[in-house]
Amino acid sequence: MGLFRSKGVIYRPVKDVNLGPDSTEFYLQANVKDHKEQEVKCLDSALTPEEQVQLAIECLPTSSEKAHNGTNSSFSRWTIMDYSRAYSSGEITPLMVAERFIAAVNESSKPPLRMGFFIHYSADDILRQANESTLRYKKGEPISVLDGVPVAIKDEMDCLPYPTTGGTKWLHRERPCTDDACCVKRLRLCGAILVGKTNMHELGVGISGINPHYGAARNPYDTNKISGGSSSGSATVVSAGLCPVALGVDGGGSVRVPASLCGVVGLKPTFGRVPHSGVLPLNWTVGMVGILAGTVEDALITYAAISGEISSHQPSNMLTKINLPLLPLTKSICDIKLAKYGKWFDDCSDDVILCCSRALRKLQDHYGWKTIDVTIPDIEAMRLAHYLTIGSECSTWFDSFGEKYFAEFGWDARVALNIYGAFSGKEYIKAQKLRNRQLQFHMKIFAEADVIVSPTTGVTAYSIQDDALKTGELDYVNGAALVRYSISGNFLGLPAVTVPVGYDKLGLPIGLQFIGRPWAEATLIHLAFATQAICLEYRKPKIFYDLLRKN
């Protein structure tokens, strides 16, 4: 590609290198700093998912703090705790919620809405889970606060009894689903009602969320606009009130982009924080299970439930313990330094610049956080290197099935796979050299700042074109604008979170993103929670279902 040329290094033969204690080989001393996160609770690796969820609950603000510090917003989405309290009080049961959920999905999938939320869902299975949960509450024995809470799963993860299609029409025939993915299994152990497999851009090769086989997952704020992808269905079901949380997979902004466009929270943990067992290996060095939630608190609860290594596995790349942030509304962590690359931050639409800059000023004024001006070199080269990496990995995975299913793809996926297949192994290796270089740049920034701040997307949701509904869509101009700020989180494995901070002139949501150093999810959740508290008065989407209504 001509992007990764550098001078070569000549190494001496191994036999000529002195490995003894008197060796004169140069050792580069690492500048190691212990970045201790503020106001956290550490998870013991021996805890069950239910116990981890309970610890997360203990990190949330008390009811009195919420009442004292609550926003003036006229609209808010029901939270996991709202469901749990309603069930425990007997005001409503999981079975009643399940029946309302099924009715809402049936209504939303038909004309005139055709929201395209799900690829697969089973009313019978949902009712079975809801009945079991209802009985547990009647006995006063709920498993956790997630018991009876509807949670949706992107169709890139295994979840029984459904096939895993990856948004295709054929994959389940080659790769049958025989068990839950690890993250899904952990939610099931907590009693969550797994309500189905959400829509996604076919094989995750696009960012619009338009699927020619299963329809477009439409934006609840404007059904003529895209939801973003590829975790499109997961973002829309949370935005529309059908679930307080859903799981997605983020390989190139695929959780954060749709979360931002649909006005919800999107959390992508550090690469390796959540096990990928049972997740399609579409892009195995950049993809990461992520969380879409109506609130930061719900993202935290879900993060606690699904994080941590598989107990039967030997410890691998889990370099740090899992910290959960303490989230009292009466104070915020102090002395936060936000790294901002001005030219990059401002490379977006006028509405996005205005909204994100205003949110940043609020954070500085209200909490006293400081902004540090930085430069991140070679951002466009990093975007192309990431594209080459994710494309090469997707193409390599698809090659294992041969060419027999190529004609069953939508046209957009066919074009993408043809481009991916043209990348060479040499180009892939050169992209990894740039990856290492960029990681060094970012770690140098993190030596001076806590997080990097940016808009989440360069534009808000754009219109769905009629022809794209039949062919799928690869809009590289809008696509580049949507993923502009997402790449480092995937290419470098860094954790990142997007939180809604406002709306454009058309009433479409805008998100602000924080990118953190590896394993610093607790800090990111702290900052997102502080941002949520002061930066947004929520607006109700045009398509919204109130599953806890009293009638």
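**Starting from one valine**

Val415 is partly exposed, with a relative accessible area of 40%. That label fits because partly exposed covers the range between the 20% limit for buried and the 50% limit for exposed. Keep in mind as you look around that this is a predicted model. Let's use Val415 as our way in.

Where does this valine sit? Find helix α14 and you'll find Val415 in it. The helix runs over residues 411-421, and it also holds Ile419. Ile419 has a relative accessibility of 31%, so this residue counts as partly exposed too. Now bring in Tyr476: together with Val415 and Ile419, it makes a nonpolar patch on the surface, about 240 Å² in area.

Val415 also gives us a nice look at how sequence and space can part ways. Pick out Val205, which is 210 residues away from Val415 along the chain. In the model, the C-alpha atoms of these two valines are 9.8 Å apart.

That brings us to the whole protein. Contacts here are counted between residues with a separation of 6 or more, and 80% of them join residues 24 or more positions apart. The chain has 551 residues, and 59% of them are buried. As for secondary structure, you can look for 19 helices and 17 strands. The outside adds up to an accessible surface of about 23000 Å², with carbon and sulfur atoms supplying 53% of that.

Next, try a helix with plenty of buried residues. Which residues of α7 are buried? In this helix, residues 182-189, they are Cys182, Cys183, Val184, Arg186 and Leu187. And what do they pack against? Their partners include two helices, α1 (49-58) and α10 (296-306). The strands β3 (150-154), β4 (193-198), β9 (245-250) and β11 (288-293) are packing partners as well. After α7 comes Gly191, which has a positive phi, near 95°.

Finally, how confident is the predictor in all this? The average pLDDT is 91, and 90% of the residues score at least 70. Two stretches to treat with care are residues 1-6 and 27-34. Over residues 1-6 the pLDDT is below 50, though this stretch has 12 contacts in the model beyond near neighbours in sequence. Residues 27-34 also have a pLDDT below 50, and here the model shows one contact beyond near neighbours in sequence.

Notes: Residues are numbered from 1 along each chain as its sequence is written. This is a predicted model: local features need pLDDT of at least 70, side-chain atom pairs count only at pLDDT 80 or more; totals for chains, interfaces and linings use all residues. Side-chain values use heavy atoms; hydrogens and water are left out. Helices (H or I, at least four residues) and strands (E, at least two) are DSSP runs, numbered from the N terminus. Buried means under 20% relative accessible area, exposed over 50%, partly exposed in between (1.4 Å probe, protein chains only). Contact means heavy atoms within 4.5 Å. Accessible areas come from the Shrake-Rupley method with a 1.4 Å probe; for residues, only the protein chains shown count as cover. Patches are made of residues with over 30% relative accessible area and no salt bridge: like charges are joined within 9 Å, nonpolar side chains (Val, Leu, Ile, Met, Phe, Trp, Tyr) within 5 Å. A salt bridge is a side-chain nitrogen of Lys or Arg within 4 Å of a carboxyl oxygen of Asp or Glu. pLDDT is the predictor's confidence in each residue, from 0 to 100.
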